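User: Could you walk me through this protein model, step by step?

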Amino acid sequence: MSKCLNPDCLQTNSKTTFCQKCGSKLLLTDRYRALEILGQGGFGRTFLAVDEHKPSQPYCVIKQFLPQAQGTNNQEKAGELFKHEAIQLEHLGKHQQIPELFAYLIQDNRQYLVQEYIEGQNLAQELAQTGAFSETKIINLLGDLLPVLAFIHQKLVIHRDIKPENIIRRKSDNKLFLVDFGAAKAATITALAVTGTVIGSAQYTAPEQAMGKATFASDLYSLGVTCIHLLTNIEPFDLFDVSESDWVWRDYLTVKVNNTLGQVLDKLLQQGTKKRFQTAQEVLESLQLTQKPISPPTPQFTPPPTVKPTPQPTPQPDIELKSAKGVSYHQLEQLLKAGQWKEADKETAEKMYEVAGRTKEEFLSEEDIDNFPCEDLRTIDQLWVKYSNGHFGFSVQKRIYQSLGGTRSYDQKVWEAFGDQVGWRVGGSELLYKDLKFNQTAPDGHLPALGIRIGYDEEFFRRCVYLFSRVETCRL
C-alpha cells in the first residue's frame, strides 16, 4: 500500500512508483513511502511511512508542509516556521526522548520533514482513555520530561507548545517523548529581548508568552498547566478563576496530591515569571528527583516516600441538559458527540434564537444577550467544551478574548487580535462562514461561530463582546 502525497489526490495505491490517479511520484527522494495519514494540523499533514533504503524497512513519519494560512506573507511565515523545526531538531542533535530528524527535503515544490516514528499514544489520548492521572503518574511524568527540558534549554531552545498532545508515551517501554518543535524558538540574548510572534496553545500558554516574550520559565509554566489538566481531567481554562487571577485546580481533584507535589505545581503556575522555577533542575531538586547526569534520564523515577498510589476516579457524569425555557438540547448533544461540527453550529444558533424568542430572520439584540438564561448558556457551553475536548465553546472564546485585554467595551485592535487567534481572520480579513474550519484541527475557540452571527460587520463583533460579557457574568 502507498498513499499519494499530492494534497489534491491522496489516492491509496498498490506498491508502485507513480500514483495511479494523478501520476505523482509516490516515493520521497526514491526512499520514503507514505502508507497512511496519521493527522493534520495548522501547518501540514503527517503520514506513517517506511524507509525503503534500509533492509528492515522501518517505520518513520513524513511531515508535509501544507499551509492553511492565506496571503503571501502568512504563507511565507508558516513556511519559515516549518523549516525552522528542521533547523531546531538538527541543532538539538540526538536525544533519546526527542524523535530523531532523518531528513529535510523539498519535492514537487513542497517541504517535508522525515522523522523517527514513536509508536504510542499522546497524553491527551491516554487521559481520554484512562481518566485523571494519579499523583504517582504525574511525578513520573515530571521526572521523565524535566531532564528533556533541561537538555533543550541548555541548547538555548524554548519549545513554546508543551501540552498533552505533544507528549507521547512509547508503547514498548512507557518512556515519554517530547514532539512538535515547530513552535520552538532560539533563546539568544537578542531574541529574548524582542517581542516575537505569539505561538502556542492558548490554554497552556504562559502570560509572558502570550505577549510574545517567551522564556525558559514559559515552558515550565506550560508543563505545570499540563500536569493539573492531567490530574483533574478538567480543561485548563476551567481551572483558572479570572476574577481572582488564580488557579483553583485543587477544587476539582478526585485524587490525593501530597504537599510537596502541590507546592511544586503551584510554583510552576505562578503568573509572575520571577516567582516561578527558573530551571528544570530546580523543579527536580524540589521533587527530590535529581539525578546525575540530568540527561539522559532513566525511564521511570521512584516517587518520594510520602507518595501513595491512589485509585483512578470514576468517569465524569453526563451533562445535565438544563434549560430555563424548556428548550431541548438532545439534538445538539448528539451532533457534537458525532463530531458533526457544522450541523452542531447551526443547531446552536437555532436553540439560542428559540431561547430568546426570536426567529431566524431576526437577530439577538444586546438586551437578548444580557438576559440570556445562564442555565441555557451553561448547557450549550458545557456540551461544546466536553465533546471538543476543550477546543471549542463560548467559555473558551471568552477566556482567549480576556487574555488579549478584551473587556465589555468594543476595541477594534483587541477584536482583530482575537479573530486572528481563533481563526476567524486570515491575512487581515474576516473569513466567510463557508471558509471556516468545521473540524478539530481548527484553532482553540474557532467554534461556535453561528450562535449570534448576524453578519460580518462591526455590529456582529459587538454582539460577540456582549456574549463574552454574559459568559463572564454566568461564571462559565
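Here are some short questions and answers on the cores, the sheet and a loop residue.

Analyst: Happy to help! This is a predicted model, where local features need pLDDT of at least 70, side-chain atom pairs count only at pLDDT 80 or more, and totals for chains, interfaces and linings use all residues. Residues are numbered from 1 along each chain as its sequence is written, and side-chain values use heavy atoms, with hydrogens and water left out.

User: Which helix supplies the largest share of the largest nonpolar core?

Analyst: A nonpolar core is a set of buried Ala, Val, Leu, Ile, Met, Phe, Trp, Tyr and Cys residues joined through side-chain atoms within 4.5 Å. The largest one has 52 residues, and Trp384 and Phe418 are among those that touch the most other members. Several helices (DSSP runs of H or I, at least four residues) each supply at least two residues, including H9 (330-337) and H15 (458-473). The largest share, eight residues, comes from H15.

User: Which strands stand at the edges of the open sheet?

Analyst: Strands are DSSP runs of E, at least two residues, and two of them pair if DSSP finds at least two bridges between them. Six strands line up as E3-E4-E5-E6-E8-E7, with antiparallel pairing. One side of each edge strand is left without a neighbour in the sheet because each has a single partner strand: these are E3 (27-28) and E7 (101-107).

User: Is serine 24 buried or exposed?

Analyst: Serine 24 is found in the loop between E2 (12-13) and E3. Buried means under 20% relative accessible area, exposed over 50%, and partly exposed in between (1.4 Å probe, protein chains only). At 16% relative accessibility, serine 24 counts as buried.
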